[in-house]
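Biologist: I am new to this structure. Please take a close look at one part for me, the place where the chains meet.

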Amino acid sequence: MQLNVEFCGVKFRNPLVLASGVLGVTGASLKFVVENGAGGVTTKSIWREGHTGHPNPVIIANDHFMLNAVGLPDAGIEKAHIEIGEYMKGKPAPLIANIVEARIADFAEVAEKVSALHPDIIEVNISCPNVEDEFGKPFACSTHDAAAVTRAVRAKTKLPIVIKLSPNVLNIAEIARAVVDAGADGICAINTVGPGLLIDLETREPILANKVGGVSGPAIKPLSLKAVYDIHKALPKVPIIGTGGVITGEDALEMIMVGATLVGVGTAVYYRGVDCFQKINDEMMEWGKKRGIKNLDELRGVAHAGAYSKKFQNYS
Amino acid sequence: MIRCDIPKAIPIKKIMQENPYVKTFVFEHTLNSQPGQFVNLWIPRIDEKPMSIAYDGGKEFWVSMFAVGPFSKAMHSLKVGDMVGVRGPYGKPFEFKKGQRLVMMAGGYGAAPLYNLTVRAIKQGCTVDFVVGARSKEHLLYVNRIKKLGASVKLHVATDDGSVGKKGYNTLILEELIANKKGKKIGCVYACGPEPMMKKVSDICFASKVNAQISVERYMKCGFGVCGQCSVDPKGFRTCVEGPCVSNEVARSVVEFGKYHRDKTGKMHKF
């Protein structure tokens, strides 16, 4: 089975992209992830002027889930210049530059400056759930705000734009439609869920310094699959990066079957090591080979048609 | 549950004053750590920090620290019975072979993890030259503990001001040990301390073709390979998973070793 895919006109060796927020602080770190099998990489969120992030502890995890409130630390566009520049020397795979800001006008400015560094795609983070104390409700929670950010970014870049959406809404497909109408080329779904909270019994305190953090890992896979399913159903022609709880090749294939073209992998680095990309690719290949699948186009979105159950329609 | 990287609150069993600045905290907890690994210690609403393990006796482990910032100052204010969150052990440990002659190059608080390594190594028939370097006599750490380890451990001391031992950097002693061909051949040199000192150890060992292992640390957030904050150039490996303890060959492949590091926002700073 061939794993290569095309997304927003960019060719990827395989559908697995490093999700924003895990590793990816430096150009060298992004290359390290590609060496471990990723088809593409997403930078950590880039700010115009930088941002400190939250104090420790910032990540806690067990077998079922991870909670993070790293808080989007970054040293701003100057650092992006150095680190993306480093990645671009002998660029081993497509680069998605993830950008974040607190105000719509600043999104436009950071989009313009990051475009000058020539990433393949710009991903717009309007959905981080662990900075609400600082910045209020994410833009991704309203069709109006999500579309406004998209228009501002669209006006400043010719690169493909992907908007990263929040699962913490009742109408993700409507929000997806609003950002596509505002000029987005693709959708990334989903950001982390919640936020959630864990308490230490002995000290009787929340464990994360930020108290709350976005939930990722195996527990959220049903939520990300449902979100991608809903978006693909509403907008079948819009390419999607399906992200959330993808740990195995089987998880990635499910994500493709509900409609994803690329599959974001982040928390799997915790569960299976940095070579999780290679492992997931191998598992997808093995599954496809046994079933005579030639490429991922054969599988994309197939869960919607219900081809198998149609055989039994006379029995209902 | 197979994996659980959530801090577990453990009461402090004992506190020992090592020198005017450093306290050792004893926790009754089975870590199953190897020398060179670290734990994350957490005080709610203050901070969580990676700390090297100074001793692991199976049923208890020790952490030694200087009251230098908000976290370590808060630690120094704690009493026996107070609770601290612990997770780990994390990171790649030091390695040694049975029956070898080892040299420990400890700069300042680097004496603690190398003490841990020495305790293990002498049980496996190794002999150790333990070279401690510090600013002055009152900053010396663990010298009394090292003296009690017996005949298989020889202590060497250097201080910047000459208040005790050799005056100057401890790397002067390393050069002498390597130059002296009378004793048993040195199997491996271990370095833990300020990075410019470790770079010097690395250069000396490289030039004289002596094996070495170095503890290369960078600013860490999670400590278990997810946040990416401690990645080093040019290979991008993580000092919390692929390190901190690496061979001299690997340390020398890190272009930033002894030159620069990144802060918690990822911005570069020169040493």
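Modeller: What follows is a walk across the interface of chain A and chain B, mostly from the side of chain A.

Keep in mind that this is a predicted model. Start with the extent of the contact. Chain A brings 40 residues to it, and chain B brings 39 residues. Together they bury about 3300 Å². Carbon and sulfur atoms give 61% of that area. Three residues stand out on chain A: A:Asn56, A:Ile59 and A:Tyr270. They supply 18% of what chain A buries against chain B, more than any other three residues.

Now the polar side of the interface. The rule finds 11 residue pairs in polar contact between chain A and chain B, both residues at pLDDT 80 or more. It also finds two salt bridges across the interface. One of them joins A:Glu83 to B:Arg262. Their closest N and O atoms lie 2.9 Å apart.

Which elements of chain A each supply at least two residues to this side? They are α1 (27–35), β5 (59–62), α2 (77–88), β13 (205–206) and α9 (268–272). Of the elements, β5(A) gives the most, with four residues. By type, the residues on this side of chain A are 22 nonpolar, nine polar and nine charged.

Stay with β5(A) for a moment. This strand pairs with strand β1 of chain B, residues 4–5. The sense is antiparallel, and there are two bridges. In one pairing, A:Asn62 has B:Cys4 as its bridge partner. In general, strands of a sheet pair through backbone hydrogen bonds.

Next, α1(A). Is this helix mostly covered or mostly open? It is mostly covered, with eight of its nine residues buried. Among them are A:Leu30, A:Phe32, A:Val33 and A:Val34. A:Lys31 is buried too. The buried residues of α1(A) pack against other elements of chain A: β3 (16–18), β4 (40–42), α2, β7 (95–99) and α10 (276–290). So α1(A) and α2 both appear twice in this account: each supplies at least two residues to the side touching chain B, and the buried residues of α1(A) pack against α2. Just after the helix, A:Gly37 takes a positive phi of about 110°.

One last look, at chain B. Seven of its strands form an open, mixed sheet in the order β12-β11-β10-β9-β13-β14-β15. β12 (166–167) and β15 (245–247) stand at the edges with a single partner strand each, so one side of each has no neighbour in the sheet. Further in, β13 (186–192) and β14 (212–215) of chain B run parallel, joined by three bridges. There, B:Ala191 stands opposite B:Ile214.

Conventions: Residues numbered from 1 in each chain as written. Chains lettered and ligands numbered in written order. Predicted model: local features only at pLDDT ≥ 70, side-chain atom pairs only at ≥ 80, totals over all residues. Heavy atoms only, no water. Contact = heavy atoms within 4.5 Å. Buried area = accessible area lost by both parts, 1.4 Å probe. Salt bridge = Lys/Arg side-chain N within 4 Å of Asp/Glu carboxyl O. Polar contact = N/O pair within 3.5 Å; in protein donor to acceptor, adjacent residues only side chain to side chain. Nonpolar A, V, L, I, M, F, W, Y, C, P; charged D, E, K, R; others polar. Pairing = 2+ DSSP bridges. Buried < 20%, exposed > 50% of the residue type's maximum accessible area, 1.4 Å probe, protein only.
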